[in-house]
Amino acid sequence: MSKPHDDDALRGLRESEPGTELEPAELAAGFEALRAAYAPGEIDPELHEALLSRALGGELEAPAIDERGVPEELQSSADRAERERAEALRAALDGAPSTPEARALLALARVLRYAHEPPPLVEIHHEALLGAALGRRSKLRRITTGVVGALAAAAAAVGLLSVDPQREAPRADLVPARSTLELFDPAEPFPRSGEETSRIDRIAGARASDLRKNRYATWGVR
Amino acid sequence: MSRSRRVWLALVLGAMALGGCRDAGAPEGGPPSAERAVDASLFSFLSKARSAHHLADLSLEVGDRAAAIAHLEQLSTGPRPASSPEVLEVLADTHARLADLRSQGGQFDAAELEIQRGLLLAERPTHFRGHLFEVRGLVEERRMQSLREAGDTAGAERARKLALDAFEAAIEVQDEVIRAALGADPGAAP
């Protein structure tokens, strides 16, 4: 439904082209373009992506869209050479590459398809690929690898053992393990029977405190 | 040479370097036990010991002496960290309690075995060593009573003498502990 000011615009459009009679469809398209510029409506997200992709020279991946929904003026028209190549590719994918160009095209298509959606790799093929990648090294490279590996292991062992454990853990800062007699009154011997549990309770409690101190000391917390 | 053999060769060379460094550097056996700090393994053992003794208490509350002994045996025969005074003292105390419990059930020889194991751990004059002698006296007292009731007068007399010797040994050890605490004999302190 057209509004009064829409009719004025249509009339103005006609009058701006004196002597030129526009077809109704052309007029409608022009009017639609003006209306979209003046009051743009919602655009389909996929169509938006496609427009962006084409405007940016294909840098964005265009989603799969129904070309029928794209305005005709935005649809690309394949030239003759492109159509011939597409036909050759279709024939190659059908299993009948007839020319060297078609075979090259088929190889390229397979590479692209595997890159986009790789099929699961058969285990034996995987092993073969690994063997080819790892096993076909030169003799010099194998010897070099072995010697370097051995030297690295020896160097690691030397480095590991050259670290003085006394320096690594400042034992002077740590609470040492020691007799528990300080926890009991020396003038009062243990009862003849019983109270073993209370003794171990006291010992474990005291050493829990010592362990906490040692952990803080190890972490450098005072 | 295959890849795995090369890896093994590298490991062997590393191990050889490791052995050479040990000979040139640190003394065998690591630092003396006196240098050992209180660590997680020691505390884990003490925590286990506490649990074992509490479990024994709970078993004794319902009159199940065998279960109490079983709980304590888990401690006395189970894994233990590197020796430290705490480990030795707690184990010695556990052997003393096992001896007490076994003798309550008439297992006097088994009780004496526990005492001997405990004395091997608590060699220095401490309350723990004194307590072991005291429990030995208790065990022999019970043996004496048992033999007397069975009409074995000579056996009861032998047990009585062993009990007296044990109690006297306990008193001697406790005296040493007190003297050490008072500074009269610093060398006796653990």
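Below are short exercises on a predicted model, each with a worked solution.

**Exercise 1. The make-up of chain A**

Task: State how many helices and strands chain A has, and in what order its elements run.

Solution:
- Count the elements. Chain A holds nine helices and zero strands.
- Read from the N terminus. The order is α-α-α-α-α-α-α-α-α.
- Turn to burial. Chain A has 222 residues, and 16% of them count as buried.
- Look at the contacts with a separation of 6 or more. In chain A, 22% of these come from residues 24 or more positions apart.

**Exercise 2. The span of a helix**

Task: Check the span of helix α4 (residues 80-93) of chain A against 1.5 Å a residue.

Solution:
- Take the 14 residues of α4(A). The expected span is 20 Å.
- Compare with the model. The end C-alpha atoms of α4(A) are 20 Å apart, so the two values agree.
- Step past the helix. Just after α4(A), Gly95(A) has a positive phi of about 100 degrees.

**Exercise 3. Two helices in chain A**

Task: Work out how α4(A) and helix α5 (residues 100-116) of chain A are oriented to each other.

Solution:
- Start with the axes. Those of α4(A) and α5(A) come within 9 Å and cross at roughly 75 degrees.
- Apply the cut-off. Angles of 65 to 115 degrees count as roughly perpendicular.
- Conclude. α4(A) and α5(A) are therefore roughly perpendicular to each other.
- Find the contact. α4(A) brings Arg85(A), Ala88(A), Leu89(A), Ala92(A) and Leu93(A), and α5(A) brings Glu101(A), Ala102(A), Leu105(A), Leu106(A) and Ala109(A).
- Sort by class. This contact of α4(A) with α5(A) has eight nonpolar, no polar and two charged residues.

**Exercise 4. Two helices in chain B**

Task: Do the same for helix α2 (residues 40-61) and helix α4 (residues 85-104) of chain B.

Solution:
- The axes of α2(B) and α4(B) come within 10 Å and cross at roughly 15 degrees.
- Angles under 35 degrees count as roughly parallel.
- So α2(B) and α4(B) are roughly parallel to each other.
- The crossing of α2(B) past α4(B) is left-handed.
- Residues in the contact include Phe45(B), Ala49(B) and His53(B) of α2(B), and Val90(B), Thr94(B) and Arg97(B) of α4(B).
- By class, the contact of α2(B) with α4(B) has 10 nonpolar, two polar and three charged residues.

**Exercise 5. One arginine**

Task: Decide whether Arg207(A) is buried or exposed, and list what Arg207(A) touches.

Solution:
- Locate the residue. Arg207(A) lies in helix α9 (residues 196-219) of chain A.
- Use the cut-off. Buried means under 20% relative accessible area.
- Arg207(A) has 0% relative accessibility, so Arg207(A) counts as buried.
- Leave out residues up to four places away in sequence. Arg207(A) then touches Arg178(A), Ser179(A), Thr180(A), Glu182(A), Val38(B), Phe43(B), Leu46(B) and Glu86(B).

Notes
Residues numbered from 1 in each chain as written. Chains lettered and ligands numbered in written order. Predicted model: local features only at pLDDT ≥ 70, side-chain atom pairs only at ≥ 80, totals over all residues. Heavy atoms only, no water. Axes fitted to C-alpha atoms, helices over the stretch in contact; angles between N-to-C directions. Helix = DSSP H or I, 4+ residues; strand = E, 2+ residues; numbered from the N terminus. Parallel < 35°, antiparallel > 145°, perpendicular 65-115°, else oblique. Left-handed = near helix turned anticlockwise from the far one by under 90°. Contact = heavy atoms within 4.5 Å. Nonpolar A, V, L, I, M, F, W, Y, C, P; charged D, E, K, R; others polar. Expected span 1.5 Å × (residues − 1). Buried < 20%, exposed > 50% of the residue type's maximum accessible area, 1.4 Å probe, protein only.
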